[in-house]
Amino acid sequence: MTRTFRIHFSERHVLQEDLEIDTPLYLVISQLAQRHQLPVVEGGYGFFAGAERRPLSREVPLTRTPYANGGELYLAPVHTPWWAPIPTVAAMPTPAVPVKRTPTLSLPARPRLSLTPQNILLITIGVIAIAMLGLLFWPQGTTNGTGSNQSVSIVAPSEVIALPTATLLPATPTPDAATQARQHYQDGMTAYAAENWSVAAEHFQEVYAYDASYREIASVLSASFYNWGITTRDEGDITTALAHFQSTIKVDSNHTLARTEIQKANIYLDAQKKVANGNLDGAIQRYQSLIEMNGGNYADATTQIYELLLNQAETVAQQGGDENLQRALELYRAAAGVEVIDRSKAEQGVVEIQALLPTPTPIPRPTATPQPRPAARLRFSVANYNDDPGCISIKINGISPAGWYFSVDGIRGVSGRFDGGGNARACGLAPGQEVTISVIDGNGRVVPGGSGVPSKGSAIMIANWN
């Protein structure tokens, strides 16, 4: 579904474009960049909207924004929008020049006089000589006048050392918390676009710790944890995947897909515990219920069932006796029916056990009249009503719904596109609003069984293809 928008590529370059409103924005932006041959920039391009030109999340479609019906959008580099002011570079302060000071000379310290007998004699002679010279050359004055005794002393100046003055370099300014949060958000969005979920979650957690209401941080953080969990689950690490799904609902407690994945992971881990405790029949039942819940194989559940059936069949066959051999034959046949790539060991076991058992007398059976097989179609059921009151979620099993989406009949703009796991979600209804929905394939045709299906806000629905 498309809508017409006015796209501002710069202040003077404005074009009208028809955009898909139910496609994630990063795909729409990529198509525009290729169509108009925009240069590659660090961090990629993003859409901005509104008078303040606030950025729109690139992982959601336009139907999840206030601009689903068209309007003004600004396309610009995420890190350096073309309307943002160019930062000025402040001149470095001129370093202080130390003042050159003239050093002050100091007199050497006078040696201390040693009072030896020889020195005492010399001092006495000198005093007598000075007294005699004073009598000869003393200036004449009144007999009653008093002379003014004056003494002169030489004081050695104290030694002064001029120390150089240290010049402090300007300290590198530390970014404030808001600047750091903005940078973490931009780095997180770059990692999210590259599907590097662990790095995206790391940056988004910093922003979430700073301000849990910052833009759509709760949405992108929970989505990063969820996608990280899916990737880890597909790699076979169910324990770590479970931790990521639990982190998802800590951020978004209404994340129904994450809650479903938590249930599946717990069933899988419980089956492994039963194997460790020797309860093989209980483990097989848990694995089978997991496959039924998932609508197909989950992790290596089918392989685990196959191996457990083979082990049981071999153990029972070794005990001998017709009854045990018959039981082993049943187990080998069950293993041969499991959907794994190589079932040769189970098939060979069936042949070997049949050779050991007595040949039963065949009982003629009437030939069944072949009945025409009904055409495959979607068959809907409601799992629960635990979604948001204004949303509907659908899970399709038994077929890959690549390129499919569903829409609410009679309400424009309320639709959801199916992902690789067969999940889709649409919001925009009134709380609990009763509606009908239709499932559309990649060629724009209604999927068999997917026309006019009754539903309502908060419904979580399951559709099996059979």
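Which residue forms a salt bridge with E11, and how far apart are the closest N and O atoms?

1. The partner of E11 is R53, and the closest N and O atoms of this salt bridge are 3.5 Å apart. E11 lies in the loop between β1 (2–8) and β2 (14–20), whereas R53 lies in the loop between β3 (45–49) and β4 (54–55), so the pair ties together parts that are 42 residues apart in sequence. E11 itself is exposed, with a relative accessible area of 54%. Please bear in mind that the model is a predicted one, and that the salt bridge of E11 with R53 is read from that model.

2. For the overall setting, the protein chain has eleven helices and 13 strands, and 34% of its 466 residues count as buried. Among the contacts in the protein chain with a separation of 6 or more, 59% are accounted for by residues 24 or more positions apart. A search of the whole structure finds 13 salt bridges, of which the pair of E11 and R53 is one.

3. The packing of helix α5 (residues 217–234) and helix α7 (residues 256–276) deserves a look, as their axes come within 11 Å and cross at roughly 30°. With angles under 35 degrees counting as roughly parallel, α5 and α7 are therefore roughly parallel to each other. The crossing in which α5 passes α7 is left-handed.

4. On the residue level, α5 contributes Y226, I230 and R233 to this contact, and these meet L257, A258 and E261 in α7. By character, the residues of the contact of α5 with α7 divide into four nonpolar, no polar and two charged.

5. R233, one of the α5 residues that meet α7, also forms a salt bridge with D234, the closest N and O atoms being 2.9 Å apart. The two partners differ in their exposure: R233 is buried, with a relative accessible area of 15%, while D234 counts as exposed at 56% relative accessibility. Buried here means under 20% relative accessible area and exposed means over 50%, so the 15% of R233 falls under the lower cut-off and the 56% of D234 lies over the upper one.

6. A further salt bridge joins D270 and R286, with the closest N and O atoms 2.9 Å apart. This pair links distant parts of the chain, D270 being in helix α7 and R286 in helix α8 (residues 280–294), 16 residues apart. Both partners are partly exposed, D270 with a relative accessible area of 24% and R286 with one of 28%. Elsewhere, salt bridges that share partners join R233, D234, E261 and K264 into one network, and two of these residues, R233 and E261, are also named in the contact of α5 with α7.

7. Two backbone positions may be worth checking by eye in the displayed model. E195 has a positive phi of about 60° although it is not a glycine; its place is in the loop between α3 (177–193) and α4 (197–210), and E195 is exposed, with a relative accessible area of 53%. A299 likewise has a positive phi, of about 55°, although it is not a glycine. This residue lies in the loop between α8 and α9 (301–318), and A299 is partly exposed, with a relative accessible area of 35%.

Technical notes. Residues numbered from 1 in each chain as written. Predicted model: local features only at pLDDT ≥ 70, side-chain atom pairs only at ≥ 80, totals over all residues. Heavy atoms only, no water. Axes fitted to C-alpha atoms, helices over the stretch in contact; angles between N-to-C directions. Helix = DSSP H or I, 4+ residues; strand = E, 2+ residues; numbered from the N terminus. Parallel < 35°, antiparallel > 145°, perpendicular 65-115°, else oblique. Left-handed = near helix turned anticlockwise from the far one by under 90°. Contact = heavy atoms within 4.5 Å. Nonpolar A, V, L, I, M, F, W, Y, C, P; charged D, E, K, R; others polar. Salt bridge = Lys/Arg side-chain N within 4 Å of Asp/Glu carboxyl O. Buried < 20%, exposed > 50% of the residue type's maximum accessible area, 1.4 Å probe, protein only.
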